[in-house]
Amino acid sequence: MSFYPIHHTFAPHVNLSYTVRSLGILMAPWKWRRGHSLGLLEKSLTERFSADTFLFASGREALCALLRALQLKNGEEIIVQSYTCVAVPNAIHAAGGVPVYCDIERDTLNMTADSVNEVISHRTKAVICQHTFGIPSPTSELKELCDSKGIVLIEDCAHIMPDETGPEQVAKHGDFIFFSFGRDKAISGITGGAVLSKITDVTLRLRAERARSVNLNLLTVLRLLTYPLVYLIARPLYGLFVGKAFLFGLKKVGWMVPVLTKKEKEGQQSPIPKHMPNAFAYLTLTQLKKLKNINDHRRKLTDYYISEYSSSQMCISGTKSDLPLQKFPLFTKDADDIRAILKKKNIHLSDGWDGCVVCPAGIDLDPTNYTPGSDPEAEAACEKILNLPTHPTMNLKKANELTNMLNPMINDG
Ligand SMILES: Cc1ncc(COP(=O)(O)O)c(C=O)c1O
């Protein structure tokens, strides 16, 4: 059994310097809510993507604020793809819209212009295209389709932030873009989100959305700021009883802030957004400055997995070696059993994106509006998917260890 875990979700961005920075800001509580990092982050994103930026406490709140700024009328529809995160339909509902699902294609895990076209109706107000795990969706075709129907294109960039080397088609064609700075996202400030607008009247209404935002409570900020330290301690001890017990204890006493609350798993989200605290803008900003390095690291691991698997049916053609994938999807028979075997070896490949068309598994599907059986491609994909890590605290040596262990077990089947 490997001593140090291979994982997706044990603070994938957190290393010693990230922890030191989070403890530094933790020691300066007067900078938690307001400070110059907010303005600097906003300015950097505005310059990088040539669109007006608004920061919120999470990606789901940024999306909800945008949809509210679009002034949805009763029953207006937003097209999303199946195989998405429950935070997306929740935000649509919170803004007064109705999520309508279009099919994904197996080779990209993304929507296509054809699958969107099939579900467009006179009630459609917007299309949200998701670059699943960093695989670009066909934005120029989608934009052309949206323009021809008089609706807007929103790019969900929760899983990818392009840098100067691309991918070119991401965050370029959409009328709006939103990012998440959550714990396992392309870059992470522990929590946070941004929405970017290229349409002036919506920009003005987004300003109003930001103005009516409320503060995240200070205890939650404190708890989130300790997250890097908790995982820096717990991660190397996770293979031993003490690491698990430490995390279990902190969860039991309610110290750990869940990524999704019980209410969110039941389909609820408040329509009132929260401000992004300056503390998380500070952490996001430092990551943004290192975006190219973070993406190149992901490209290196993506390239490694491609070299291992591209000749087999397990690899999908949307995964290209120059992409900074947030994780690397493989399709294999018995994916669940493989994850269970690996878990005993301190390799944790459950990431919440398996066994569900609206993820994570176990959420209440009824409020999401997804009709079981409506996208057989997505349902088949999520049964076979086995995601491999590409995050900053993963490395080539561990990727090699992982594939050596995996190779005798996986097959195209
Ligand atoms: C595809 C996608 N969109 C949006 C979100 C929402 O981001 P956040 O967790 O910052 O609210 C997530 C993650 O939760 C996601 O995976």
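Visitor: Before we count anything, what are helices and strands here?
Guide: Helices and strands are DSSP runs, with at least four residues for a helix and at least two for a strand, and they are numbered from the N terminus. Please keep in mind that this is a predicted model.

Visitor: Fine. How many helices and strands does the protein have?
Guide: The protein has 16 helices and 15 strands. Its radius of gyration is 20 Å, close to the 22 Å that the globule rule gives for 413 residues, so the protein is as compact as a globular protein of that length.

Visitor: What does the C-alpha trace span along the principal axes?
Guide: The span is about 55 × 55 × 40 Å.

Visitor: And how many of the residues count as buried?
Guide: Of the 413 residues, 58% count as buried. The accessible surface of the protein comes to about 16,500 Å². Carbon and sulfur atoms hold 55% of that surface.

Visitor: What about contacts between residues 24 or more positions apart?
Guide: Such residues account for 75% of the contacts in the protein with a separation of 6 or more.

Visitor: New topic: charges. How many are positive and how many negative?
Guide: There are 47 positive and 42 negative charges, and their mean positions are 11 Å apart.

Visitor: Now the cysteines. What is a disulfide, anyway?
Guide: A disulfide is a covalent bond between the sulfur atoms of two cysteines. In this protein the count comes to one disulfide.

Visitor: Which residues does the disulfide join?
Guide: The disulfide joins Cys356 to Cys359, with a distance of 2.4 Å from S to S. The angle about the S-S bond is 100°, and the link of Cys356 and Cys359 is right-handed.

Visitor: Are those two cysteines buried or exposed?
Guide: Cys356 counts as buried because its relative accessibility is 5%, and Cys359 is buried as well, with a relative accessible area of 1%.

Visitor: Why is Cys129 without a bond to Cys157?
Guide: The sulfur of Cys157 is the closest cysteine sulfur to that of Cys129, but the distance is 7.4 Å, which is too far for a bond. Cys129 itself counts as buried, at 0% relative accessibility.

Visitor: And Cys315? How far is the closest cysteine sulfur?
Guide: For Cys315 the closest cysteine sulfur is in Cys382, at 19 Å, so this pair is too far apart for a bond. Cys315 is buried, with a relative accessible area of 12%.

Visitor: Back to Cys359 for a moment. What is the peptide bond from there to Pro360 like, cis or trans?
Guide: The bond from Cys359 to Pro360 is cis, with omega near 5°. Pro360 is found in the loop between β14 (358–359) and α15 (376–384).

Visitor: What joins Gly166 and Pro167?
Guide: Gly166 and Pro167 are joined by a cis peptide bond, and omega is about 0° there. Pro167 has its place in the loop between β9 (152–156) and β10 (176–180).

Visitor: Last topic: phi angles. What is the phi of Leu109?
Guide: Leu109 has a positive phi of about 60°, although it is not a glycine. Leu109 lies in the loop between β6 (104–105) and β7 (110–111), and it counts as buried at 0% relative accessibility.

Visitor: And Phe133, where is that, and what is its phi?
Guide: Phe133 is in the loop between β8 (124–130) and α6 (139–149). Its phi is positive, about 55°, although Phe133 is not a glycine. Phe133 is buried, with a relative accessible area of 0%.

Methods: Residues are numbered from 1 along each chain as its sequence is written. This is a predicted model: local features need pLDDT of at least 70, side-chain atom pairs count only at pLDDT 80 or more; totals for chains, interfaces and linings use all residues. Side-chain values use heavy atoms; hydrogens and water are left out. The radius of gyration is taken over C-alpha atoms; the globule rule is 2.2 Å times the number of residues to the power 0.38. Buried means under 20% relative accessible area, exposed over 50%, partly exposed in between (1.4 Å probe, protein chains only). Contact means heavy atoms within 4.5 Å. Accessible areas come from the Shrake-Rupley method with a 1.4 Å probe; for residues, only the protein chains shown count as cover. Lys and Arg count as positive and Asp and Glu as negative; His and the chain ends are not counted. The place of a charge is taken as NZ of Lys, CZ of Arg, CG of Asp or CD of Glu. A disulfide is a pair of cysteine sulfur atoms within 2.5 Å.
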